[in-house]
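Open the structure in your viewer and keep the selection panel at hand. We will go from one stop to the next, choosing what to select and saying what is there.

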Amino acid sequence: MNEPDLINHPPHYLFDDPAYETIKVIEAWGLGYRLGNAVKYISRAGRKGSMIEDLKKARWYLDREIKRLESP
């Protein structure tokens, strides 16, 4: 039986269509650090631990990006 590749293709970031692997989406959309992390936590919410915790982490990154954009 094949073991999952936890380094290069962790199963909690893979979906039915390999085109939607989280890192591929982040790179294709040109997201930076904060938005990329928000997408990462949203995409894995409930797949690796607590859904609520992952969504709160995504919100934390979104709030930081909003503050950055609102700053003069």
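Start by colouring this predicted model by pLDDT. Among the elements of the protein, helix α1, residues 22–28, has the lowest mean pLDDT, at 91, while α3 has the highest, at 97. For the protein as a whole the mean pLDDT is 87, and 81% of the residues reach 70 or more.

**The overall view**

Now switch to a cartoon display. You will find three helices and zero strands, running α-α-α from the N terminus on. Show the surface too: the protein exposes about 5700 Å², and carbon and sulfur atoms supply 58% of that area. Of the 72 residues in the protein, 25% are buried. If you turn on contacts between residues at least 6 apart in sequence, 39% of them join residues at least 24 apart.

**Helix α3**

Next, select residues 51–70, which form helix α3. This helix has 20 residues and reaches 28 Å from its first C-alpha to its last, close to the 28 Å expected at 1.5 Å a residue. Begin at its N-terminal end, where S50 acts as a cap: a side-chain oxygen of S50 lies 3.3 Å from the backbone nitrogen of I52.

Which residues of α3 are buried? Select D54, A58, Y61 and E65 to see them. Look down the axis of α3, and these buried residues fall within an arc of 60 degrees, so they line one face of the helix. Turn to the other side of α3 and you meet I52, K67 and E70, which are exposed. As for what the buried residues of α3 pack against, select α2, residues 33–44.

**Two stops on α3**

Zoom in on D54, in helix α3. Is D54 buried or exposed? Its relative accessibility is 1%, and because buried means under 20%, D54 counts as buried. Leaving out residues up to four places away in sequence, D54 touches Y41, R44, A45, G46 and K48.

Then move along α3 to I66. With a relative accessibility of 42%, I66 counts as partly exposed. Add L35 to the selection and draw a distance between the C-alpha atoms: I66 and L35 are 10.0 Å apart in space, though 31 residues apart in sequence.

**Helix α2**

Select α2 next. Its twelve residues reach 16 Å from the first C-alpha to the last, close to the 16 Å expected at 1.5 Å a residue. Show the side chains of G36, N37, A38, Y41, S43 and R44, which are buried in α2. What covers the buried residues of α2? The cover includes α1 and α3, so keep both of those helices in view. Just after α2, click on G46, which takes a positive phi of about 85 degrees.

**Last stop: Y41**

Finish on Y41, in helix α2. At 11% relative accessibility, Y41 counts as buried. Beyond its neighbours within four places in sequence, Y41 is in contact with D54, K57, A58 and Y61. To end the tour, draw a distance from the C-alpha atom of Y41 to that of T22: the two are separated by 9.5 Å, with their positions 19 residues apart along the chain.

Methods
Residues are numbered from 1 along each chain as its sequence is written. This is a predicted model: local features need pLDDT of at least 70, side-chain atom pairs count only at pLDDT 80 or more; totals for chains, interfaces and linings use all residues. Side-chain values use heavy atoms; hydrogens and water are left out. Helices (H or I, at least four residues) and strands (E, at least two) are DSSP runs, numbered from the N terminus. The expected span of a helix is 1.5 Å times one less than its number of residues. Buried means under 20% relative accessible area, exposed over 50%, partly exposed in between (1.4 Å probe, protein chains only). The arc is that of the directions from the helix axis to the C-beta atoms. Contact means heavy atoms within 4.5 Å. A polar contact is a pair of N or O atoms within 3.5 Å; within protein, one must be able to donate a hydrogen and the other to accept it, and residues adjacent in sequence count only if both atoms are side-chain atoms. Accessible areas come from the Shrake-Rupley method with a 1.4 Å probe; for residues, only the protein chains shown count as cover. pLDDT is the predictor's confidence in each residue, from 0 to 100.
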